[in-house]
Amino acid sequence: MFQGATALNLDAKGRLAIPARHRDALAIDNGQLVLTAHPHGCCLVYPVPAWIPIRDQVLAKPSLDPQSAMLKRLLVGFAQDEALDAAGRVLVASSLRKFAGLDKQVWLVGQGTHFELWSDERWEKQQEAMLNLVNTGLPPGFESLAL
């Protein structure tokens, strides 16, 4: 289970050092990961076994439907197979860095089965939106959530 938000830095080659507490869980399947784009402007980081069912669901959608085709281009078209190196780093492809506006400081945000990778600027905007959620109303199904 991946959870928590951690501020990290990309190195000059675009590599991200995965925090040690997450490396073992990401090292399943020989440390093979999939990084791809997310419609909200961040990147997704999946262990391969968690990515495959999602990829298969996306690919099963009709290619001639314009919205389905766009999501296929985004999610599968940007997908990059990468591996953790011996130092626990993963390369973030330049196409993904450009898409998500990733520069030096980034945020790795746990989402249970995977991570979101946000630029510092976009993560700040997400935090503002999260705080404003209280004023705009909770999404369906969250009304009875007890914290």
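Let me start with Glu82, which in this predicted model is a buried residue without a salt bridge. The nearest side chain of opposite charge belongs to Arg97, and that side chain is 8.3 Å away. Because a salt bridge requires the nitrogen and the carboxyl oxygen to be within 4 Å of each other, a distance of 8.3 Å leaves Glu82 without one. As for its place in the chain, Glu82 belongs to strand S5, which covers residues 80–83. What does Glu82 contact, once its neighbours within four places in sequence are left aside? The residues in question are Gly31, Gln32, Leu33, Leu35, Val90 and Leu91.

Let me now turn to the salt bridges that are present, of which the structure holds 4. In general, side chains of opposite charge can pair when their charged atoms come close. One of the salt bridges joins Asp11 to Arg15, with 2.6 Å between the closest N and O atoms. Asp11 counts as partly exposed at 25% relative accessibility, and Arg15 is likewise partly exposed, with a relative accessible area of 22%. Another salt bridge brings together the side chains of Asp85 and Arg89, at 2.8 Å from N to O. Here too both partners are partly exposed, Asp85 with a relative accessible area of 28% and Arg89 with one of 27%.

A further salt bridge, at 3.6 Å from N to O, is formed by the side chains of Lys125 and Glu121, and both of these residues are exposed. Why are these two separated by about one helical turn? The reason is that Lys125 and Glu121 are 4 residues apart in helix H5. As a general point, an α-helix has 3.6 residues a turn, so residues three or four places apart point the same way.

While we are on helix H5, let me mention Glu124, which also has its place in that helix. Glu124 is partly exposed, with a relative accessible area of 43%. Between Glu124 and Trp107 there are 9.8 Å from C-alpha to C-alpha, although the two are 17 residues apart in sequence.

Next, the pockets. The largest pocket has a volume of about 200 Å³, and its lining is made up of Met130, Leu133, Leu138, Pro139, Phe142, Leu145 and Leu147. Which classes of residue make up that lining? There are 7 nonpolar residues, with no polar and no charged ones.

The second largest pocket holds about 150 Å³ of space, and the residues lining it are His40, Val109, Gln111, Glu116, Trp118, Trp123, Gln126 and Met130. Two or more of the lining residues come from each of strand S8, residues 115–119, and helix H5, residues 120–136. Helix H5 gives the largest share, with 3 residues. By class, this lining has 4 nonpolar, 3 polar and 1 charged residues. If you compare the two lists, you will find Met130 in the lining of the largest pocket and again in that of the second largest.

I would also like to point out helix H3, which spans residues 66–75 and whose buried residues are Ser68, Ala69, Lys72, Leu74 and Leu75. Which elements help to cover those buried residues? The cover includes strand S3, at 32–37, together with helix H2, at 48–59, and helix H4, at 94–100.

Finally, let me come to two glycines, each of them in a loop. Gly88 sits in the loop between S5 and strand S6, the latter being residues 89–91. Is Gly88 buried or exposed? At 5% relative accessibility, Gly88 counts as buried, because buried means under 20%. Not counting residues up to four places away in sequence, Gly88 touches Leu16, Ala17, Ile18 and Arg23. Gly88 is also 9.5 Å from His22, C-alpha to C-alpha, with their positions 66 residues apart in sequence.

The other glycine, Gly101, is placed in the loop between H4 and strand S7, which covers residues 105–110. At 36% relative accessibility, Gly101 counts as partly exposed. Setting aside residues up to four places away in sequence, Gly101 touches Ser119 and Arg122. Its C-alpha atom and that of Gly41 are separated by 8.0 Å, while the two glycines are 60 residues apart along the chain.

How values were computed:
Residues numbered from 1 in each chain as written. Predicted model: local features only at pLDDT ≥ 70, side-chain atom pairs only at ≥ 80, totals over all residues. Heavy atoms only, no water. Buried < 20%, exposed > 50% of the residue type's maximum accessible area, 1.4 Å probe, protein only. Lys, Arg positive; Asp, Glu negative; His and termini not counted. Contact = heavy atoms within 4.5 Å. 1 Å grid on protein atoms, 1.4 Å probe; cavity = no way out; pocket = protein on both sides within 12 Å on 5 of 7 lines; lining within 4 Å. Points joined across faces, edges and corners; volume = space filled by probe spheres on them. Nonpolar A, V, L, I, M, F, W, Y, C, P; charged D, E, K, R; others polar.
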